[in-house]
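User: I should like to go through the reasoning behind the assignments made for this model. Please set each value against the criterion that it has to meet.

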Amino acid sequence: MIFGEKEETTISQAALELVNLTKTFGENTVLKNLCLKIEKGDIFGFLGNNGAGKTTTIRVIFGLIRPTKGFFHVFGFKCPLQITLAKRVMGGLVDIPAFYETLTGRENLEILTAFTGRTLPKSAVEEASRLVGIHDILDYPVRIYSNGQKRRLGIAQALVPHPRLIVLDEPTAGLDPEGVKSIRELIMDLNRRLNITVVLSSHVLSEVQKTCNRVSIIHYGSILKTAPVEELLFDASYQFKISTPEQAEKFFLEKNITYQTRNGYYILPISREEVPEMVREMGLRNIGIYEISPRQITLEEVFLQTVKGGKNEYPDT
Amino acid sequence: MNTLILELKKVRANFRTYFGIIILWGLGVLIGINVWYNPSLVPLRQFGFHLSGLYVPGLTLYPLAVVGPVVTVLIAGESIAGERIRGTLRMVLSKPVTRQQFYMGKVYLIIVYSFFIVFSTLLVTAVLGLILFGGGEVILPNELSNFSEGFFNVPAEEALWRLASSGIAVSLYVLAFASVALFFSSFLNHSLASPVFTLVMTTAFTVLENLEFFRPFAPYLITHHFLYWQNFMVHEIDWLGFFSSLGVVMVYIAGGIIGGGLIFRYRDETD
């Protein structure tokens, strides 16, 4: 028992569940009734613009900020009441990693590990540093570490106590493409090999698309959408490159087909089965078709679409 | 105690930690040299008085009460605010440590540091004094800083415990300032803001206690008790004066520590 916190778990056994989480600073409500459930084994992406509330949410999860209303569960521990117990099963990185610069990487890990309140074998530090690839520089002072090495040290400190959940705030911010790739691979490896649930917030949507299996889009403190990445990227539409735009547009008008244009393509909301019939009809009207392909959308497009109030519009339409 | 060890590990790599100690030890040594060459003490020697080596640490108490608070205020004021501004505070608080545990580590640190700087300086100067003058009983003036009012002898053993008690009194006085600095540090987010606030407060108190209108409030101001350790240096120890001053000093210590702890416990760490 830690300072009156009872070691009892509740019914919820999701890795992380936010229930009506609200945070107000003065008159400014920065988190508005956030509800979210992250299952064990997920690599979950938390997307949002600057000031959307991502970091504030992560700070609430780590007990740095107290919610004004609502609560959350971490592997069944009801927080903020049982926050210290919850933090025993999770590790993370809030904002930019910061260390005691005059101490070595090893000393930093030992100090931060000592705050876990558990006796961990000495090998835990070695193990974590090896896992993130900084073992060779562990005995150098942190002040000489590069940004990427500090990020890795940040992930290492989160891993030392063998957490079941790690929460990473912008883990690839400020890294070069190679660094971004290696952190991505590391995260996926941790999830796959050690079955660690990962929650990460990021601006780099292409990375989130490659790394995460589920995402949530947060905007001005509200969660607008939560779904598996595959589902978000699925777009039942086909894009046509057409040689006779006027005729095509006239045809779409007659048939009452809503369309959009992007990069010279006409995007039609039709399924794969409807494509042959559409081609036949357009052929009958002498509409020249150069190219037909299923439309691939990116997480960036989904994100922009969602934060613009759900309107089905694209930037260059 | 585990948190204290962690705090000591952190400060041991910080230059500022040693800077204050070096200054204080250096002052002690300079005072020793001054006593050795002080012409005003020559007549005493001519009268056949023996200068005990304990004179040197005894005289060092005064600069300790002046410089000690400045040194500890820098350490205490930086302790939480510095971690906050560097970002290590959020790193530590994201671990399964309660804020009380973290805060208590800082409290233990300032207690240990306050006593360490005072007693280590006393030890250094005592060794220097014994080398320069040897041991033996201490002769103190009946009226401090006034040799014309006669003298009294203090046996070496009694002189030692009087010196140790004065050392404790100075340490607590220093700790009172450190506690106030810790209080400011618990909510400020600039590592120098807390030491500056504390030193501004000290200056303001010094001015206030000299203003006629505020004289009745002077006994409640910490700066008013700057010399309360001298109660152990007079012939008949003024226990009442000592304990009333000690009470004020303890109120500042408790107020700073408890106030800072409460603020730190409930503060949203957004930096």
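Analyst: This is a predicted model. In chain A, 52% of the 317 residues are buried, and the chain has 11 helices and 14 strands.

User: What makes a residue of chain A count as buried in that 52%?

Analyst: The cut-off is a relative accessible area under 20%; 52% of the residues in chain A are classed as buried. The accessible surface of the chain is about 15,000 Å², and carbon and sulfur atoms account for 51% of that surface.

User: Why is the pair B:Asp268 and A:Lys23 called a salt bridge?

Analyst: The criterion is a Lys or Arg side-chain nitrogen within 4 Å of a carboxyl oxygen of Asp or Glu. The N to O distance between the side chains of A:Lys23 and B:Asp268 is 2.6 Å, so the pair satisfies the rule. Two salt bridges are found across the interface of chain A and chain B.

User: Which elements of chain A give two or more residues to the side that touches chain B?

Analyst: They are β1 (16-25), α3 (105-114) and α5 (147-159). Of these, α3(A) gives the most, with four residues. By class, that side of chain A has 19 nonpolar, five polar and seven charged residues.

User: How many residues of each chain are in contact, and what area is buried between them?

Analyst: With heavy atoms within 4.5 Å as the criterion, 31 residues of chain A contact 31 residues of chain B. The area buried between the chains is about 2,900 Å², with 61% from carbon and sulfur atoms. In chain A, A:Leu64, A:Tyr100 and A:Phe115 lose the most area to chain B, together 26% of what that side buries.

Terms used:
Residues are numbered from 1 along each chain as its sequence is written. Chains are lettered from A and ligands numbered from 1 in the order in which they are written. This is a predicted model: local features need pLDDT of at least 70, side-chain atom pairs count only at pLDDT 80 or more; totals for chains, interfaces and linings use all residues. Side-chain values use heavy atoms; hydrogens and water are left out. Buried area is the accessible area (1.4 Å probe) that two parts lose on being put together, summed over both. Ala, Val, Leu, Ile, Met, Phe, Trp, Tyr, Cys and Pro count as nonpolar, Asp, Glu, Lys and Arg as charged, and the others, Gly among them, as polar. Buried means under 20% relative accessible area, exposed over 50%, partly exposed in between (1.4 Å probe, protein chains only). Accessible areas come from the Shrake-Rupley method with a 1.4 Å probe; for residues, only the protein chains shown count as cover.
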